[in-house]
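Got your viewer open? Let's take a walk through this model, one selection at a time.

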Amino acid sequence: MYKTPPRNDAFCALHSALSFAFYVVVLAVTMLVLHPAYLAISLCSAAAYLAALDTPRGLLRRLRWVLPLMVITVFFNAMFSHRGMTVLFYLRNGNAVTLESIVFGLLASVMLAATVLWFASLHIVLTSEKLMAVTGRLAPALSLLLSMALRFVPRISRQIKRTAQAQRALYPPAGLSDRLRFGVRVLSVTVSVALENAVVTADSMRSRGYGLPGRTAFRRERWGARERGFAALFVPLAAVVLAGLLAGRAAANFYPSLDFAAPDALGAASRAAFTLLCNLPLLLNRKEALTWRRLRSNI
Amino acid sequence: MASVAFEHLTFTYPLAETSALRDVSLTVREGEFLLLCGVSGCGKTTLLRHLKTALTPHGARQGRVLLDGEALDTWDERAQAQRIGFVLQQPEDQIVTDKVWHELAFGLENLGADERTIQLRVGEMASFFGIQTWFDRETDTLSGGQKQLLNLAAVMAMHPDVLVLDEPTGQLDPIAAAEFLRAVQRLNRELGVTVVLSEHRLEDALAMADRAAVLEDGRLVALGTPEEAARALLAQASPFFAAMPAPVRLWGALGAEGPCPLDVRAGRALLRRVHPAGRSPSVEPDPEGAPLLTLREVWFRYERSAPDVLRGLDLTVHTGEIFAIVGGNGSGKSTVLAVLSGLQRPYRGKVQRGSATVAALAQDPRAMFWRDTVRAELEDAARALHLSSPEADARIADAAESMALTALLERNPFDLSGGEQQRAALAKLLIRRPDVLLLDEPTKGMDAAFRASLGALLQALCARGTAVVLVSHDIAFCARFARRAALLFDGRLLAEGPARAFFAGNHFYTTAANRMARPWLPDAILCEEVIDACRSAQTGAGERSSPPR
Amino acid sequence: MPERTDGRGRTLFSAALSCVLIPALLLLGSLVWDNRRYYLVSLLVIVLSLLPMLLRFERRKPQARELVVLAVLTALGVAGRAAFEFAPAFKPVAAIVIVAGAAFGCEAGFLVGAATAFLSNFFFGQGPWTPWQMFGFGLVGFLAGLLFSRRFAPKRLALCAFGGLVVFALYGPLLDTATVLMVSADITREAILAALATGVAFNAVHAGATVVFLALAGEPLLRKLDRVKVKYGLLEP
């Protein structure tokens, strides 16, 4: 089940366009840049925000299945990538295991972990309602389709249960093949009932003017001072990060030998900007917490 | 504000032999509250759907429909969508989106309203209906009554001039239904919205309406104030008069003198003049059958950490009886049925089922169908029992006959009316020859005639030894057909006993007839009993004159 | 601000956006992210193939009845996946998507597939796999619509064969390849073969489940959909 966002998280309360833009930038950098500095920043920030948003235990729970994935990634790269100059040893089939491919595997595994953790917090921040708001802007018909489907999901799940109950009274299933047949019958009945009901939904839509030209999309969001403030920080930071990337300051070459771009002024600025950017949600929360404390001490 | 009118409207569905509407002429005045009634299938829905081109059924049509004096089809779709609000019977199916706030905004989005307008209107309607506390919720988590209120509010956010409601309370329990109708009344009184409402449960609606119109076989047979309509029905000896609220029936039976009483208070005033006397003809309770199914001190909850739903419940079902369980929403009525059927197991207490077979009828009978014809459904149910073919044929014929399905055997179960679907589902269960039949709200959405025929069918089953346990909000139905009854409250059955004693002893959970006649005839629970007592009082007037109490 | 949704402007804008953005990103990718180019290119291909279908749907302004049917089928796919949560490979999603495509055509099949993948991840977790799943299931539905058009009433055997094949040989490998693209720099034949080999068991179970569901439910479901189609004129032009 999707969680409702914690009400006290300031970043969750931001305009959907900002949350969306944030995750697009962070995920794009994480998934496309294989430079150790950027990946380390991304992984740490992702973990920190997830721990704040969920709980430290929730973070650990996710790490438990991310870690094996990371090991597999390293192993996979070592086994199947034989490029690179620094041969560590040879496999029995004569293929070389190189330092370069192992380092690549390590970085790829960090990338994977950071991505999974970012997606975990995205799952909490970008609720279906927020994503609908984003898609509603770009593709209103599709967004309505998704909203309606989300409305039908719990209904159909319930209908499946009810149908199973009713049918069990008539045909108590015994044995595996019987049970499968029973499941299929329940599915087929559910479809019939759901489609019959859907006709009423369609009537209700048409009677309320669906299909008239000039439909608008209402969203319960406002672009206020907080959004402007966040955007004023976010856009320049993203620009600096991008400038660093474009200027090759995040370049990482693995083959034939390891070669990571060393930080100069622009590189350092780009990394600092990325650090700040990744932690904007936490900073926003921190600021809000301070405001609250001040308010309370004033009372 | 607006008026709507039908002018000599005749309508025939494709392939139908008879017309669904015949020469209906009816004007709904500006700001009026018009109640449209009639038995199921009399053409109410067909007539109402003519009030919106987008919903109008296909078929052959003569006559005209007017909005503000101009033909409806000259109004464009946008004007129709905005000016005429439509609320249908199924609360659940009308909801389009997943969030309450989005549902409220849906119609305005379609009209292309800008954000400020939408915000204001949605906020206004949410406040008017008291929705603001569940504004953020997902539509799926609402109760049936809340869903229907949301549908009403979503329509009202578009600021319609005419509100058309097609049996909007059919799927609601009595308390939610009364609340819904009060909201409609407020819209009519406070905002001046013209209301056209069709209903089969007339107790609340008739007293609210300015005028009532009665359809019979697609023809308008009565039109006027509730009293005029009642007099017209009485004069024509219409069978639909039996569906009128108890005070009206009483008034009609006593010669329709004086103003027509529309509620219990007015009915009592009428009785005060008549002075019904004597004991109501109390029927001796039949000797109890053998116990079939017993629950002893049953405790149940759905999850370990959840609160108890049943708390030491005792219940015995005997052969050949109809046992009715009444109680409020969420009192656990459906849970009792689930325990009786063995679907749920109590964590404490005993269920003694012996060799009795139990069959439960789903609330939505459609959940029991999956074949293309009623006959195939019945054959399927028989096949699952591995019967010999003559035995299977005999059972199918028997079940079809006892549920009055013989004429419907070749129809697709999904094309039947609600009442017919229920009978088909019951027939499927009867193939198994169950000893106990469990029914959950069997009269939901059914009109008076269907209820009466269902009751008769159930009594016929009981005469053959089957026991029926039903949970229902329909007090009148339970009072008429049940042999024993009990109130479920706080996880226990209270005041379990013969139905007459049970209903006569209650103050709220009893029939309107009993509430009216209580000071004079404390044991009368059916309207006929009150009428009989009044008639005998009228004939024997003078013999007794002691004032009651 | 609420926006008018009837304009062709939006469609043109989105089309232009993809026409400009995607080559630009490709160029960037080959310039800057040399060792991630396969991943980047594949991601863009996915997005590029999703966009035209979705744009077409937008521009067509679907009718209410069409929307509700698609929403019901999508919800059924999501609920079906949730009902078999305990066995991740044994899910009826592909079967439902194939039935949707067979009953209502390519576009419906594609939309139901893509929307089911997208929405079910609200319950199972969004991730880098989401676009691939959307594309994968969308493709399955599209092909089903292409193959089982109204002229040829689909036979049970054909449905099952198609379902098993398309899941085992198309959907599964597609997602396995996506994993390789994501975590590996050079895409060697060995690497892909190894990934496919590790996925064989999972894909086989998934394909088997699809065959079982189609064998048992395919025909009855199609019959029900046809009936509703006739009774209410759903999704008819």
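Start with chain B and select residues 4-12, which are strand 1, together with residues 60-67, which are strand 4. These two strands of chain B run antiparallel to each other and are joined over seven bridges. Before you go on, remember that what you're looking at is a predicted model.

Want to see one of the pairings up close? Pick Phe11(B) and look across to strand 4 of chain B: its bridge partner there is Arg61(B). In general, strands in a sheet pair through hydrogen bonds of the backbone, in either a parallel or an antiparallel way.

Now widen the selection to the whole sheet. Four strands of chain B make an open sheet, and their order is 2-1-4-5, with antiparallel pairing. Which strands sit at the edges? Select 21-28 and 70-71 in chain B: these are strand 2 and strand 5, and each of them pairs on one side only.

Next, colour chain B by domain. Domain 1 covers 4-241 and domain 2 covers 291-517. The C-alpha centres of these two domains of chain B are 32 Å apart. Where they touch, domain 1 of chain B contributes nine residues and domain 2 of chain B contributes eleven. On the domain 1 side of that contact in chain B, you'll find two nonpolar, five polar and two charged residues.

Time to hop over to chain A. Its domain assignment has domain 1 in two pieces, 16-132 and 236-298, while domain 2 is 139-203. Here the C-alpha centres of the two domains of chain A lie 41 Å apart.

Keep chain A selected and show chain B as well. How many residues of each chain are in contact? There are 39 from chain A and 48 from chain B. On the chain A side, select helix 6 (140-170) and helix 7 (176-207), the elements that give two or more residues. Helix 7 of chain A supplies the largest share, 14 residues. By class, this side of chain A has 15 nonpolar, 13 polar and eleven charged residues.

Last stop: chain C against chain A. This contact takes 56 residues from chain C and 65 from chain A. Several helices of chain C give two or more residues to it, including helix 1 (8-32), helix 2 (37-60) and helix 8 (189-232). Select helix 3 of chain C, too, since you'll find the most residues there: 15. The chain C side divides into 36 nonpolar, ten polar and ten charged residues.

Note on methods
Residues numbered from 1 in each chain as written. Chains lettered and ligands numbered in written order. Predicted model: local features only at pLDDT ≥ 70, side-chain atom pairs only at ≥ 80, totals over all residues. Pairing = 2+ DSSP bridges. Contact = placed C-beta atoms within 7 Å. Nonpolar A, V, L, I, M, F, W, Y, C, P; charged D, E, K, R; others polar. Domains from an automatic or database assignment.
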